[in-house]
Amino acid sequence: MGSTGEGGFGRRDLIKRSAALGLITTPAMGFLSACASGGEAATNGPGKAAVTRENPFGVAKGGKLDVVVFKGGFGDDYAKAWEASFDKKWGTTSSHLGTQEIAAKLQPRFNGGNPPDVVDDAGAQAIKIDVLAKGGQLADLTPVLDAPSLDDPARKVRDLLIPGTVEQGTQGGKFVALNYVYTVFGFWYSGKLFKEKGWTEPKTWDQFLDVCTKARDAGIGGLAHQGKYPYYINVVIMDLIAKKGGLDAVKAIDNLEPNAFADNPAALAAVEAVYEVVEKGLLMAGTNGLTHTESQTAWNQYKAAFIPSGSWLENEQLKQTPEDFDMKFLPVPLLPHSKLPFEAIRAGAGEPFIVPEKAANKPAGLEFLRSMLSREWSTVFAQQANSLTVLKDGVDPGVSLRPGTRSAVAAVKAAGSNTFQYLYPDWYSEMDTEIQNASNELMAKRIQPKEWIKRAQAAVDKAAKDPNAKNNRRS
Amino acid sequence: MSHVARGRGRAGFIAGFLVLPLALYLTFVIWPYIQTFGYSFTNWSGQSPTFDFVGWENYAALMEDGVFRGALWHNLLLLVFVPATTILLALFFAFMVNAGGRSGAGGVRGVRGSSFYKIVYFFPQVLSLAILAVLFGAVYRSDEGGLLNGLLIRLGLVDAGRPVEWLNDPDLVLWCLLLVVVWHGVGFYLVLFSAAMQSVPKDVYEAALLDGAGRAQTFFRVTLPLLWDSVQTSAVYLGIAAMDMFVLVSTMTSGQFGGGPDHHSEVMATVLMRNFLYFGKSGYACAMGVVMLVLTMALSVVVLRATRRDRIEF
């Protein structure tokens, strides 16, 4: 999830598109017939070349390559640079589309059987990966994992990825999405503000509340959050649960256990901890109704001490951040008797790149993904988008990083193997939305922690009833 | 040539002109509607051309969907308040601008500066809904940077530490949105009613004045009856707008495609879109679309029937 693009898109536009979508699909389909099998895959592909060690997918020279990327917090310059490099190597002609409206632009193409060859399916209007996977629209990317790395042909691509990448992109047992950007989640603060006020980095939740209280007494807000998008405060709640209850608590939620939230003391403690911030009046005034841009900019203007976010924050706020702000990352502080250490962080791969099953030039799509996992392309991304990739040690040491990214890298190092990641947002979008709704109500003081637990468990139980749920298990 | 044959020839001539537009209309409007009906009986995910036929299951689930019922209720609330408020305000302003001035030597005219008002009132109408959403986003912003909050805080009516979270307050959000729609619509209907009023012959008003009718009497006894056709049409248009509301709700309120906080500003279109694009329940969303279509059509019929009156010729 990069920067969530604000606002919706024109309804008329969508109606037009869904109408067009119907027109594309049905003539080939025989309306409502049992064997409805959509438009045929377009056959403008260049055919396949011989599979060799250098060309493991059999990319034909001189073909076409159709790339669509989400143009959000990371921009899309990196993709243009990649495409130029790909065209040079393979003699392909690539077409490029950078957009925020992934769903509106691509849904008709998926339905019509003529999807692009590579898609960066991210942002607020992404097509959900679980939905695409269920529809059989995603190519199995396992061959990319088993192909030789471009940097070191003696090793497989699989062995050069940060652990967790494969699990994160697996749907129903098949690896279908390459989550390319390595993101860490937690709080962020201004090193400059903290130095000025003499505050120290809190390691426990009590110390965190203490800094927030001092901030309030100094006339600024303690905690800001992106209230219009409860996604962000939800990260704090869920991370507190994970750290207090350990990896078992994370798995219980992802596996939709009947006691994922209910009768789970870690969950109640976490929600009560966040609610304490609300009750003690430590929120930045009005933050519950602000968009991500508004709240993050207010935080950049020293109107609050902390804000939760993923590590895309620095790139997203590049223009609003004062030169001497000294952006710093803080792992979510600990509740008493937590199972995970303070350094533990939610970290994982985001920004899913996919190759559609019906892509016209599937070999080139797969080769594109393999190239992304080369040090050359990974460095291009780090330079253009101020972010890390899932390629282990994937950035040329010559590249200097901005303060926020630097502190995120240090946090990753300190965390070591103490990282965790929730999979339920990718698996169960409806459950995720319902939990976020509850968090929004909690922050507005309209429900109490116990009610939050009840609603979250109800969302889990509802998701567990979906027959598809049994395909998603983690251990 | 017989009379009948000539009639048929003319029908063919007219049909000849209509074939192309009719074909376009059938393919691009009617056919998608029919498809929506079809999809509403399937479990189509929206991202894949494969699906199964599930009968009335979607409609049965819809009956039990509390969020959709809430959205329907909000649409009905808007359906009452959007047309009522907009038309009343527009009628009042149009009357004042056209016939509400003091009667002087020149007979019937509007209040002073009426031509200026007419232009000012029309301003909001030239803004697109997207711009409107951004504009009112700034008005309703939930910290002291918001126009309303900034004003109230400066006046000392609101504590700076606890600004009003307009769009994040379950009791306020729908009315805030209503205000935007009314603000946007009044200007247009003012102009519409003004045009209708100007086509009313001056002597009718002058006769009323001579008979000693005051402003109120002139309005209710003369203006309103003569404007009934326009009012009726406006009610249908505004009713359809109130059944929609998608753009404003989805951009101004929280949640995927809006509807927040906690479904308190949800309208049918936002629930539909979320299910269609985000939850991958497109078949279910199509069932919602069918319900919306039926309701909107029923509404138009009811309004047109209920407000039918004898046309007054003048």
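Which domains does the domain assignment of chain A give? Here are a few friendly notes on this predicted model.

1. The assignment splits chain A into domain 1 (53-182 + 348-415) and domain 2 (184-346 + 421-471). Taken over C-alpha atoms, the centres of domain 1 of chain A and domain 2 of chain A are 28 Å apart. Their contact draws 24 residues from domain 1 of chain A and 25 residues from domain 2 of chain A.

2. Between these two domains of chain A, about 2,000 Å² is buried, with carbon and sulfur atoms giving 49%. The count of salt bridges there is two, and seven residue pairs are in polar contact (both at pLDDT 80 or more). On the side of domain 1 of chain A that touches domain 2 of chain A, α15(A) gives the most, with nine residues. That side divides into 10 nonpolar, 10 polar and four charged residues.

3. Turning to the two chains, 50 residues of chain B are in contact with 45 residues of chain A. Together the chains bury about 4,100 Å², 58% of it on carbon and sulfur atoms. Gln47(B), Pro49(B) and Tyr278(B) lose the most area to chain A, together 17% of what the chain B side buries.

4. For polar detail, the rule finds two salt bridges across the interface of chain B and chain A. Lys281(B) forms a salt bridge with Glu430(A), and their closest N and O atoms are 3.1 Å apart. Seven residue pairs are in polar contact between the chains (both at pLDDT 80 or more). α1(B) gives the most to the side of chain B that touches chain A, with eight residues. The residues of that side are 23 nonpolar, 20 polar and seven charged.

Definitions and conventions: Residues are numbered from 1 along each chain as its sequence is written. Chains are lettered from A and ligands numbered from 1 in the order in which they are written. This is a predicted model: local features need pLDDT of at least 70, side-chain atom pairs count only at pLDDT 80 or more; totals for chains, interfaces and linings use all residues. Side-chain values use heavy atoms; hydrogens and water are left out. Contact means heavy atoms within 4.5 Å. Buried area is the accessible area (1.4 Å probe) that two parts lose on being put together, summed over both. A salt bridge is a side-chain nitrogen of Lys or Arg within 4 Å of a carboxyl oxygen of Asp or Glu. A polar contact is a pair of N or O atoms within 3.5 Å; within protein, one must be able to donate a hydrogen and the other to accept it, and residues adjacent in sequence count only if both atoms are side-chain atoms. Helices (H or I, at least four residues) and strands (E, at least two) are DSSP runs, numbered from the N terminus. Ala, Val, Leu, Ile, Met, Phe, Trp, Tyr, Cys and Pro count as nonpolar, Asp, Glu, Lys and Arg as charged, and the others, Gly among them, as polar. Domain bounds come from an automatic or database domain assignment.
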